[in-house]
Amino acid sequence: MGMRFRHEVIDPDPPGSHHDITLVADLTGRGLGDIIIGGKEGDVNLFWYENPGWRRHEMASAPQLEAGGVVIDLNRDGRPDVVAGQQIGGNELYWFECPADPCELWTRRTMEDRFVKYHDQALGDIDADGEPEIIFSSQKSGVIGYYDIPPDPTAEPWPRECCHILAESMPDVEGLVVADLFGEGPVLVAGPSLIRPGREAETFAPGWVKTRAAVADLDGDGRLEIVLCEGESHPGRLAVCRLPELEPRVLRDDLFHPHSLAVADFDGDGRPDIFVAEMGLGRNDDPRMFVYRNLGGGEFEEVLIWRGVPTHEAKAVDLTGDGRPDIVGKPYDPERHVDVWFNEAG
């Protein structure tokens, strides 16, 4: 199959600035992904776009939201809620309760108020108890941990016994993924390190900093590989780390702040491909978006799918229901717009 994308600016003037959060969830029950965007500045700095049509709705105001966020039904009412936290200087991790009508304003509740700068959250059963947990990284406190969901999630903050610390003295960690890498139970990929409950963190990619991370069986051998990119570096590296050694095999080493990383089958051949995209930050006039097409056997073909539009924290998800992953993203700063790249592979 060929690889072709169509770019559409769904909002040329979103509210606020320094847009950090990109999430996708079915908020309307139509079976399509609605787009959630959050930023650091603005009177209402969390908002969403209704699919189809992309009508914008205000969600909530929250001071200085940081990159990351996850969608999970916390109060078990069948509606997706949102978890996100504050940037540097902020101590609060929030969850936003979806009302019966998602077009109304959402209720903001404080989960945690002890740590500083919550860059990245993830979902997974890290303690193997059969229930999902919310994993978090506090970059400035150097703490990585997880929360059991309490019986009453409206308690503010959540009971301290719900919080479990996995690692300390690990500042500036980005990229959280829970996966059973070794067939022995859940492992947390925390950037260039692995964390197993009750054990010391193990660094497999020393020198890699502020990484985005993804996990998939890329070569079809039944074992998972880790994909890393240095999302806040220039030059930034992109690499595949294969078991058992997990030594990074660098695919590219000259990227400009590649803060967007995803693994999905973009060309429909049944093999997961790697997507990576560059930021602009007012210093990169020609940001690029690549798909590394999976040729099988651990080999990849680099495909430049777009250039000239900066993006940050982009996500790969099927927005149209045709089974093909599309791409949604937005710049961080100074540009302000929300973008979709529709996958028209044929």
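Visitor: What volume does the largest pocket have?
Guide: In this predicted model, the place to begin is the most spacious opening that the calculation returns, namely the largest pocket. The volume of the largest pocket is about 660 Å³.

Visitor: Which residues that line the largest pocket are the closest to its centre?
Guide: The lining of the largest pocket is made up of 29 residues, and five of them are singled out by their position relative to the centre. Those closest to the centre are Gly69, Gln121, Leu176, Glu313 and Lys315.

Visitor: Which strands each supply at least two residues of the lining of the largest pocket, and how many of its residues are nonpolar, polar and charged?
Guide: The strands that each give at least two residues to this lining are β2 (17-25), β6 (70-72), β10 (118-124), β14 (176-179), β18 (211-216), β22 (260-264) and β26 (312-317). Sorted by class, the lining of the largest pocket holds 18 nonpolar, seven polar and four charged residues.

Visitor: How much space lies in the second largest pocket, and which of its lining residues are the closest to its centre?
Guide: The second largest pocket encloses about 200 Å³ of space. Its lining counts 17 residues, and the closest to the centre of this pocket are Asp20, Glu66, Glu232, His312 and Tyr332.

Visitor: How many residues in the lining of the second largest pocket are charged?
Guide: The lining of the second largest pocket divides into three classes, with four nonpolar and six polar residues beside the charged ones. The number of charged residues in this lining is seven.

Visitor: How many helices and strands does the protein have, and what is its radius of gyration?
Guide: The protein has 28 strands and zero helices. For 346 residues the globule rule gives 20 Å, and the computed value is close to that, so the protein is as compact as a globular protein of that length, with a radius of gyration of 19 Å.

Visitor: What percentage of the 346 residues in the protein is buried?
Guide: A residue counts as buried when its relative accessible area is under 20%. With that cut-off applied to the 346 residues of the protein, the buried ones make up 56%.

Visitor: Which peptide bonds to proline 235 and proline 244 are cis or trans, and where do these prolines lie?
Guide: Most peptide bonds are trans. The bond from histidine 234 to proline 235 has omega near 0 degrees and is cis, and proline 235 lies in the loop between β19 (225-230) and β20 (236-242). The bond from leucine 243 to proline 244, with omega near 5 degrees, is cis, and proline 244 is found in the loop between β20 and β21 (248-255).

Visitor: What is the phi of aspartate 120, and is this residue buried or exposed?
Guide: Most residues other than glycine have a negative phi. Aspartate 120, placed in strand β10, has a positive phi near 90 degrees. Because its relative accessible area is 3%, aspartate 120 is buried.

Visitor: Where is histidine 257, and is it buried or exposed?
Guide: Histidine 257 has a positive phi of about 45 degrees although it is not a glycine, and its place is in the loop between β21 and β22. Its relative accessibility is 12%, so histidine 257 counts as buried.

Visitor: Which residues is alanine 25 in contact with, leaving aside its neighbours within four places in sequence?
Guide: Alanine 25 lies in strand β2 and is buried, with a relative accessible area of 9%. Once the neighbours within four places in sequence are left aside, its contacts are Leu32, Gly33, Asp34, Ile36 and Val71.

Note on methods:
Residues are numbered from 1 along each chain as its sequence is written. This is a predicted model: local features need pLDDT of at least 70, side-chain atom pairs count only at pLDDT 80 or more; totals for chains, interfaces and linings use all residues. Side-chain values use heavy atoms; hydrogens and water are left out. On a 1 Å grid over the protein atoms alone, a cavity is a set of points where a 1.4 Å probe fits but cannot get out, and a pocket is an open set with protein on both sides within 12 Å along at least five of seven lines; lining residues have an atom within 4 Å of a point. Grid points are joined across faces, edges and corners, and a volume is the space filled by probe spheres set on the points. Helices (H or I, at least four residues) and strands (E, at least two) are DSSP runs, numbered from the N terminus. Ala, Val, Leu, Ile, Met, Phe, Trp, Tyr, Cys and Pro count as nonpolar, Asp, Glu, Lys and Arg as charged, and the others, Gly among them, as polar. The radius of gyration is taken over C-alpha atoms; the globule rule is 2.2 Å times the number of residues to the power 0.38. Buried means under 20% relative accessible area, exposed over 50%, partly exposed in between (1.4 Å probe, protein chains only). Contact means heavy atoms within 4.5 Å.
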